[in-house]
Amino acid sequence: MKDLIFSNCTLEELPVIASKILDEYPEERVFAFYGDLGAGKTTFIKALCHLLGVTEEVTSPSFSIINEYEAGGIDLIYHFDFYRIKKLEEVLDLGYEEYFYSTDYCFLEWPDKIEELLPESYVYISITKSENDKSRNIAATFIS
């Protein structure tokens with residue numbers, strides 16, 4: 001597996017980038033999204049979900065912490081937003097292991113808040129705003 005780097009990406013390019021990332025890491029199910037507030041983490045997760053067959057609206061689970069989506073009527077995708085987490089006990093109470101160690105996709109926003117709970121291997125995705133704030137730089141790295 002190699003690192004993937006995409007510079008100055010536009011909104012229109014997200015489906016192609018999402019496809020390349022899923023193709024590069026076909027066995028991985030946990031994707032951790034790092035980026036500042038407003039960097040585009042949820043927007044990129046929407047592109048991934050639609051590629052995987054989600055037809056319902058994909059929204060940030062900032063208050064519920066987790067959203068569940070059906071992908072193609074067979075698989076499940078879990079979308080986490082840990083921004084509001086104050087204590088790790090909140091994540092432990094969710095039974096995070098059942099999600100992270102399942103065979104379903106888990107997309108994690110603000111994983112830096114729960115880093116000690118991340119599985120041994122996952123895909124680290126960094127999203128940063130370009131200088132003009134109209135495009136994004138996206139990098140994907142396999143962590144093991």
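The side chains of Ser-135 and Ser-130 make a polar contact at 2.9 Å; here a polar contact is a pair of N or O atoms within 3.5 Å, where, within protein, one must be able to donate a hydrogen and the other to accept it, and residues adjacent in sequence count only if both atoms are side-chain atoms. This is a predicted model, in which local features need pLDDT of at least 70 and side-chain atom pairs count only at pLDDT 80 or more, while totals for chains, interfaces and linings use all residues. Residues are numbered from 1 along each chain as its sequence is written, and side-chain values use heavy atoms, with hydrogens and water left out.

Let us stay with Ser-135 for a moment. Its place is the loop between β6 and β7, where helices (H or I, at least four residues) and strands (E, at least two) are DSSP runs numbered from the N terminus. Leaving aside neighbours within four places in sequence, Ser-135 is in contact with Asn-8, Cys-9, Thr-128, Lys-129 and Ser-130; contact means heavy atoms within 4.5 Å.

Two other loop residues, Ile-65 and Trp-110, are worth a look for their backbone. Most residues other than glycine have a negative phi. Ile-65 is not a glycine, yet its phi is positive at about 75°; Trp-110, also not a glycine, has a positive phi of about 60°. The table sets the three loop residues side by side. Buried means under 20% relative accessible area, exposed over 50%, and partly exposed in between, with a 1.4 Å probe and protein chains only.

| Residue | Loop | Relative accessible area |
|---|---|---|
| Ile-65 | between α2 and β3 (66-71) | 15%, buried |
| Trp-110 | between β5 and β6 | 14%, buried |
| Ser-135 | between β6 and β7 | 5%, buried |

Now to the strands. Five of the five residues of β2 are buried, so this strand is largely enclosed by the rest of the structure. In a regular strand the side chains alternate between the two faces of the sheet. In β2, both faces are covered: Val-30, Ala-32 and Tyr-34 are buried on one side, and Phe-31 and Phe-33 on the other. β2 pairs in the parallel sense with β5 over four bridges, and β2 also pairs in the parallel sense with β6 over four bridges; two strands pair if DSSP finds at least two bridges between them. Phe-31 has Phe-107 as its bridge partner in β5 and stands opposite Val-123 in β6.

Helix α1 (residues 14-24) has Leu-14, Ile-17, Ala-18, Ile-21 and Leu-22 as its buried residues. Seen down the helix axis, they fall within an arc of 135°, so they line one face of α1; the arc is that of the directions from the axis to the C-beta atoms. These buried residues pack against β1 (4-9), β2 (30-34), α2 (41-51), β5 (105-109), β6 (122-129) and β7 (136-143).

Finally, the whole chain. The protein has four helices and seven strands, which follow the pattern β-α-β-α-β-β-α-α-β-β-β along the sequence. Its C-alpha trace spans about 40 × 35 × 30 Å along the principal axes. Of its 144 residues, 45% count as buried. Among contacts between residues at least 6 apart in sequence, 55% join residues at least 24 apart.
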